[in-house]
Amino acid sequence: MQGTVSSSRRPSSWQSLLADVVLLGLVSGPLAAPFLAASGLLGLPLIADIIYAMGQRVCPQPELGLALAEPYQMAVCMRCYGTVLGLVIMRWLYHKDQGKSAYWLEQYGLKGFVATFVLCLFYPLELALQGFSGWGMHHSLMMLFGLVAGLGLGAYLMPSLHNRLKVL
């Protein structure tokens, strides 16, 4: 059946928009929380409390976030934030080339999934390395390892989340 649209491969535009809104919240929330908490303006500290509560549910070390508005810090650690930044970069790249490049891992099936899994292991690797006395805790390294994980995850997920109409 040539010329038909494959509905199993095509998220609707509202799904793509929802994914972008969620990503926007993930990238802006942790940054906004310390400033909202420090503002003291009516209702804004409550919004910050909600963001901090969400960060504590998803981040293994939220206490290692950067202090952006003393004494308040980001709602997640730099490893988590690096992961989100990796997703943002991959979303931007997907917008630029619509999934035509070779680095979109979904197109490789099981091999692409395995590559994604290996890249995502950078996140727990850095977390585990913090337990060794010679490694320590460095915000820049946390962010770098999270970024690698986010790039890998984004390279696999973005085509599924934002795939344009495909004609068979």
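This is a short tour of the structure above, one selection at a time.

**Stop 1: the whole chain**

Colour everything by secondary structure first. You are looking at a predicted model, and the protein in it has six helices and two strands. Walking from the N terminus, you meet the elements in the order α-α-β-β-α-α-α-α. Of the 168 residues in the protein, 36% are buried. If you take the contacts between residues at least 6 apart in sequence, 64% of them join residues at least 24 apart.

**Stop 2: helix α3**

Now select residues 78-97. That is helix α3, 20 residues in all. Its first and last C-alpha atoms are 28 Å apart, close to the 28 Å expected at 1.5 Å a residue. Keep α3 coloured, as several later stops come back to this helix.

**Stop 3: the largest nonpolar core**

Which residues have the most contacts inside the largest nonpolar core? Select Cys77, Cys80 and Met158 to see them; the core itself has 21 residues. Two or more core residues come from each of α1 (13-39), α3 and α6 (139-162). α3 gives the most, with seven residues.

Zoom in on Met158 and show what is around it. Leaving out residues up to four places away in sequence, Met158 touches Leu23, Leu87, Met90, Arg91, Tyr94, Trp104 and Asn163.

There is also a second, separate core, this one of seven residues. Ala33, Ala48, Tyr52 and Ala75 are among them.

**Stop 4: Arg79**

Back to α3, where you should pick out Arg79. Is this arginine buried or exposed? Arg79 counts as buried, because its relative accessibility is 0% and the cut-off for buried is under 20%.

What does the side chain of Arg79 make a polar contact with? Show Glu126: the two side chains make a polar contact at 2.6 Å. Then bring up the rest of the surroundings. Not counting neighbours within four places in sequence, Arg79 is in contact with Pro60, Gln61, Tyr123, Glu126, Leu127, Gln130, Met142, Met143 and Gly146.

**Stop 5: the largest pocket**

Switch on a surface and select Leu26, Pro30, Val58, Val76 and Val84. Of the 16 residues that line the largest pocket, these lie nearest its centre. The space in this pocket comes to about 340 Å³. Helices α1, α2 (44-58) and α3 each supply at least two residues of the lining. The largest share is from α3, which provides five residues.

**Stop 6: the end of α3**

Follow α3 to its end and select Gln98, the residue that comes after the helix. Gln98 sits in the loop between α3 and α4 (110-120). Check the backbone here: phi is positive, about 55°, although Gln98 is not a glycine. Most residues other than glycine have a negative phi. As for the surroundings, Gln98 counts as partly exposed because its relative accessibility is 26%, and partly exposed lies between 20% and 50%.

**Stop 7: a cis peptide bond**

Finally, go to the loop between β1 (67-69) and β2 (72-73), where you will find Pro71. Select Glu70 as well and look at the bond joining the pair: the peptide bond from Glu70 to Pro71 is cis, with omega near 0°. Most peptide bonds are trans.

Note on methods: Residues numbered from 1 in each chain as written. Predicted model: local features only at pLDDT ≥ 70, side-chain atom pairs only at ≥ 80, totals over all residues. Heavy atoms only, no water. Helix = DSSP H or I, 4+ residues; strand = E, 2+ residues; numbered from the N terminus. Expected span 1.5 Å × (residues − 1). Core = buried A, V, L, I, M, F, W, Y, C linked by side-chain atoms within 4.5 Å. Buried < 20%, exposed > 50% of the residue type's maximum accessible area, 1.4 Å probe, protein only. Contact = heavy atoms within 4.5 Å. Polar contact = N/O pair within 3.5 Å; in protein donor to acceptor, adjacent residues only side chain to side chain. 1 Å grid on protein atoms, 1.4 Å probe; cavity = no way out; pocket = protein on both sides within 12 Å on 5 of 7 lines; lining within 4 Å. Points joined across faces, edges and corners; volume = space filled by probe spheres on them.
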